[in-house]
Amino acid sequence: MAKWGQGDPRWIVEERADATNVNNWHWTERDATSWSKRKLKEVLEGLVVEDEAGRCEIGDLKHVEGEASCNSRKGKLIFFYEWNLRLSWKGTVKESGEKHKGSVEIPNLSEENEVDDTEINVSKKKGEGDVLKDLMRTEGTTKVREALRDYLKALKTEFTLGMILPTKAPVGQELATEHKPSGSTVQDPVTPQCLDMVGVKIPTVRIHMREVFNSPADELYSIFTKKELVQKFSKCPAVIEAEKGGKLQMFEGCVSGEYTELVPSQRIVLKWRCRSWPDEHYATVALTFQDLAAQSELELECKGVPVAHEESTRQCWKKQYFEEIHILLQQSKDTMI
């Protein structure tokens, strides 16, 4: 076994009796099947296509068979997925008002084929209405392919948040490496945190984001502190103990942490981490809420994010938090109308 300080640093593995997979360098696998079924349902159901002849809408994902997984090997992510999907659709011919139904079948969505080459079959129940079938075969197929791309993009960003851990580098290399800020991200001026059990120094950055929501500050604050609202926007079971020292767990355990400060309707501070970050490494997240008439502004400051996870962390807050909260608020307003 290689010793500390000898050979390629990527191959350095601590001699441990428990055979811990240090830095996720050896093969690790995460099952993405359940997550994928929810995401496919989310991106495919409700798609609408329309032209001068008619209007069609994709209904339920009637059949979903297959599996998906993500593997980490030597600092690289490898994806495997294979799906057999069947969707229902219904449409209306504008000139006659006739209504027709059919199905869309995707027999083999897999990593072996590009989305553009994936077979998509459109069928219609007996009777007239071929204009609708033609609409689904052209515009409908295009929309379905776009949705499949959205699923694959989410699989490679949202689902994989934190799967790659930093590898050990020679002593002092992390501090000597220049990190150029991008956007509103700056490198933390403090000494990188150390993981004592494996001796890995972690260079970190600070992320700063602002987002305006169509809700008052107290309502937005509740979305981060009430379990039922967190579960609505995250679409997953959650552990929310909104009190000082209370636990936080979201996205099937991918994100966890602890509430360290709560000022109702004004400010929340969290210890926050992704499941696959090095053990005991937490970022500090500060959420500040400010009323703007009928709207409110949320300011996010996230300090202590591992450099290797800067972009995935930013995308997590943007896609899994902010965009989903916007959708939840809009759904609430639509329900009230």
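**Loop, cavity and core in a predicted model**

Glu252 is found in the loop between strand E12 and strand E13, and in this predicted model its phi is near 55°, a positive value in a residue other than glycine. Phe251 is likewise placed in the loop between E12 and E13, the latter strand spanning 255-263, and its phi, near 50°, is also positive although the residue is not glycine. The burial of each residue can be stated from its accessibility: Phe251 counts as buried because its relative accessibility is 9%, whereas Glu252, with a relative accessible area of 39%, is partly exposed.

These residues belong to a protein chain that contains six helices and 16 strands. Of the 337 residues of the chain, 44% count as buried. Among contacts in the chain between residues at least 6 apart in sequence, 57% join residues at least 24 apart.

The structure holds four cavities of 30 Å³ or more, and about 70 Å³ of space lies in the largest cavity. The lining of the largest cavity is made by Ile223, Phe224, Val230, Phe233, Ile240, Leu248, Met250, Tyr259, Leu270, Trp317 and Tyr321; by class, these comprise eleven nonpolar residues, with no polar and no charged residues. At least two lining residues come from each of helix H4 (217-225), helix H5 (227-234), strand E12 (247-250) and helix H6 (310-336). Helix H4 is itself mostly covered, seven of its nine residues being buried, and the buried residues are Ala217, Leu220, Tyr221, Ser222, Ile223, Phe224 and Thr225.

Several of the residues that line the largest cavity also appear in the largest nonpolar core, which has 40 residues and in which Phe224, Met250, Trp272, Leu287, Phe289, Trp317 and Tyr321 have the most contacts. Helix H6 gives the most to this core, with seven residues. A second, separate core of 36 residues includes Trp35, Leu44, Cys70 and Tyr81. In soluble globular proteins, nonpolar side chains tend to be buried together. For Trp317, when neighbours within four places in sequence are left aside, the residues in contact are Met209, Phe224, Trp272, Val285, Leu287, Leu300 and Phe322.

Strand pairing is described here around strand E16 (residues 295-306), which pairs in the antiparallel sense with strand E10 (residues 204-213) over ten bridges. Strand E15 (residues 283-292) also pairs with E16 in the antiparallel sense, over nine bridges. Lys303 in E16 is the bridge partner of Arg206, and Thr284 likewise stands opposite Lys303. E15 and E16 form a hairpin with two residues between them, and in the turn Ala293 has a positive phi of about 55°.

A further loop, between strand E11 (239-240) and E12, contains Glu243. When neighbours within four places in sequence are left aside, Glu243 is in contact with Tyr259 and Leu262, and Tyr259 is one of the residues lining the largest cavity. The C-alpha atoms of Glu243 and Ile268, which are 25 residues apart along the chain, are separated by 10.0 Å.

Note on methods
Residues numbered from 1 in each chain as written. Predicted model: local features only at pLDDT ≥ 70, side-chain atom pairs only at ≥ 80, totals over all residues. Heavy atoms only, no water. 1 Å grid on protein atoms, 1.4 Å probe; cavity = no way out; pocket = protein on both sides within 12 Å on 5 of 7 lines; lining within 4 Å. Points joined across faces, edges and corners; volume = space filled by probe spheres on them. Helix = DSSP H or I, 4+ residues; strand = E, 2+ residues; numbered from the N terminus. Nonpolar A, V, L, I, M, F, W, Y, C, P; charged D, E, K, R; others polar. Core = buried A, V, L, I, M, F, W, Y, C linked by side-chain atoms within 4.5 Å. Buried < 20%, exposed > 50% of the residue type's maximum accessible area, 1.4 Å probe, protein only. Contact = heavy atoms within 4.5 Å. Pairing = 2+ DSSP bridges.
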